[in-house]
Each structure stands twice: as C-alpha cells, then as structure tokens.
Number of protein chains: 2
Amino acid sequence: MTSQPLFHHPVCLLGRLDFHVQEQFTKVLAPLHLQPRQFGLLSLLTGSDGQSQQQLCESLDVHRNVMVGLVDELEQRELVERRRHPGDRRAHAVHLLPAGRALQAQAEQLLDELESELLGGLDRDEVRTLISLLQRVSRDAGLDLIPHPGLTAGAPAAGR
Amino acid sequence: MTSQPLFHHPVCLLGRLDFHVQEQFTKVLAPLHLQPRQFGLLSLLTGSDGQSQQQLCESLDVHRNVMVGLVDELEQRELVERRRHPGDRRAHAVHLLPAGRALQAQAEQLLDELESELLGGLDRDEVRTLISLLQRVSRDAGLDLIPHPGLTAGAPAAGR
DNA sequence: TATTGTTATACTCTATAACTATA
DNA sequence: TATAGTTATAGAGTATAACAATA
C-alpha cells in the first residue's frame, strides 16, 4: 500500500474534487452576491424565459419551497420578475429582467475563467474527453441534462 | 439554443453528477449504518492504522470537532478504538478493530458494485481515462490524493 | 505560545407538513 | 382529487469559540 487507497475509488475522487470545485465556484460568484443555484436559475431563464417555478425546480433539482426564496431574492434585486403564467393561473412565469441578463453574462464569464484555471493542465482534446465522459455517465445514471419538454426519447444527443 | 446551456459547463456537470453519486453512495452504505465519511475513516485506517484524529481530519477534509463525533460512534460500535499515542500524549491513536476491518471490506465491496453500475456504460479504457483525468485535475488543484507523510514531491504518481 | 481533543453554542440548510388558489 | 406557490416548524448539519491537557 504505497498510495492512498481511498482515492482510487472514482466515487471518492469525484466527491473530493467536486467539493473543491463548488467551493471555488461559490467564491468566484460571491462578489456578484450570487449563489451557484441563483446563477443556475438565471442561466436557465437565459435559455428559455418565462418558465414556472416548478419547471425551474425540476431543472435545478431543488425543492419548490427553496425555489420561493431564490426567486424572492432575485426579484427584490430586480434581476427577475414574476408575471402571470399564460395558461395556468396557479403558476408564476419567471422572467429575466435586463439587469439579470447582464449579471448572468458577467457570472458566466467568471465561471469560464474559473474553468480555464481548473482545466488548465489539460489540452483541448483532454477537456473534450473529460466532459464527454462525464456527460455519458450522467446520462446513463438517468440525469436530465437536457430538460426541455418534448424530448422524451431518442433526442439528437449532441456530442455523444 | 437547442440543448441546455447550463450543463455545458464542466463545473455544473460535475456538480450535478457528484450530487447524484454521493446520494447513491449514501444509500448503498445505509444498510451497514455507515456514513460515507465513516467509511472513509475506516478505509484510511486500513491503509495505516493508529493515526491521530488530527491526521485523519486532514486526510478526510473535515474539522476536528466533527472527527470527535465520527470516532465516538465507531468506538461505541466497537469498530475502532482510541489508544494512547506513542510520542504525543495529547493525541489519540485511532486503531481499527477486527469488526471494523470486516465492515470496511463489506462496504468496499458494495462501493465496487455501485461503481460498476455507475460506470457500466464505459469500457475499461474509458474508465481508466476518466479516473486519470479526474486525478490530474485534482492534483493540479492542489488536492492531496496521497496524504502519506514523506511523499512531499516527486511521488511515483501511479497512472499519470 | 501552539496544538490535540473536547464541548457548547449559534447559525445555516434542509425536510416535512400544512395552507391557498387554482386545475 | 391533484398541483403551483407559499409559509412555518423542526431537524440535521456546520462553523465558531472556548476550555483542559500537553507540546
């Protein structure tokens, strides 16, 4: 036993790396007063504005009570706005405001820089390989990486 | 924008996958009444018995107050034992008891099975590549994967 | 003076349940 | 009856500080 057996386990390796990465991610976003999940929320809206809180919950994998607080804070800061949902009067349609779009772009740039640092030791092909392998494992585990409606089965599966 | 932009980010992809993986890991260990960190603790002792709580803290990346509780429970279950530390009377030397060694082996087998499931969609080379890439990124980030003393620099670096 | 282990306290996060208004 | 959003409450988990024994 010359080297640490614990981190021969992919599960442990993944756990330790992710812990560090999420910590860095949180630190990078802190000056923008954004939590990672709030960044995720803004990013989802960038892709498809006006989703209900329930839809956002499923994509972000948080409970709906938590979503209330996330949207509350973003709405107070006028980054996001609750409007009437067309077609379901129980639901709110969450819309991105200009300041929210701008902040998301800013955050995304910081994230890109962080990822450049984290993956700086790998070349382009290795980065592509790593992402592709993580995506495959995720999909095999049944995680929705493309939570858009209407893509139930046989989706185009970009880059696999 | 046809596919979800959030999970093009390695940081988000890693986070979501790890969340799922750690959840599965926790479920798999539950019948043994072991938390992932307790498994980690037992595994560290398997590699090198009699470490101080402080040493275990650094390897597992938990605070020393948390370690007290982890060892407490394992000691109550007679999986582990606190003995006098030779050379430092402030410290405790944590030793693995036979039942602890047996339980660790059992847990490790369950973990191996989980990993086979999780990585079942990849072939041998792909698994090796994934682990190797994760290890490189971890090392580049300064994470100690081989926390053994005396291996400060120029370690053999298995599989890199 | 610094460090190991320990305990107590406060704070954050999360999970559960209940409620309302709609469907 | 079931669902979207909200609120309140309790529990788990975490971080901070303080303490005794030893270095």
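I began with the backbone and found a polar backbone atom of Gln54(B) 2.6 Å from a phosphate oxygen of DNA strand C, a polar contact being a pair of N or O atoms within 3.5 Å, where pairs within protein also need one atom able to donate a hydrogen and the other to accept it, and residues adjacent in sequence count only if both atoms are side-chain atoms. The model is predicted, with pLDDT of at least 70 needed for local features and 80 or more for side-chain atom pairs, while totals for chains, interfaces and linings use all residues. Residues are numbered from 1 along each chain as its sequence is written, chains are lettered from A and ligands numbered from 1 in the order in which they are written, and side-chain values use heavy atoms, with hydrogens and water left out.

I then looked up the bases. A base oxygen of DNA strand C lies 2.4 Å from a polar side-chain atom of Asn65(A), and a side-chain N or O atom of Arg90(B) is 2.8 Å from a base oxygen of the strand.

Next I noted the surroundings of the strand, taking a residue as near if one of its heavy atoms lies within 4 Å. There are 17 residues around DNA strand C, and those that come nearest are Asn65(A), Gln53(B), Gln54(B), Arg82(B) and Arg90(B). Of the strand's atoms within 4 Å of the protein, 57% belong to sugar or phosphate and the rest to bases. Helix 4 of chain B gives the most to this surface, with three residues, and by class the surface has two nonpolar, seven polar and eight charged residues.

I turned to the second largest pocket, whose volume is about 580 Å³. A pocket here is an open set of points on a 1 Å grid over the protein atoms alone, where a 1.4 Å probe fits, with protein on both sides within 12 Å along at least five of seven lines, and lining residues have an atom within 4 Å of a point. Of the 23 lining residues, Gln22(A), Arg37(A), Leu60(A), Gly15(B) and Arg16(B) are the closest to the centre of the pocket. Helix 1 of chain B supplies the largest share of the lining, eight residues.

Last, I compared the chains. A turn of 180° and a shift of 0.0 Å along the axis lay chain A on chain B with an RMSD of 0.0 Å, which is the relation of a two-fold axis; the superposition is by least squares on the C-alpha atoms of residues with pLDDT of at least 70 in both.

Technical notes: Helices (H or I, at least four residues) and strands (E, at least two) are DSSP runs, numbered from the N terminus. Ala, Val, Leu, Ile, Met, Phe, Trp, Tyr, Cys and Pro count as nonpolar, Asp, Glu, Lys and Arg as charged, and the others, Gly among them, as polar. Grid points are joined across faces, edges and corners, and a volume is the space filled by probe spheres set on the points.
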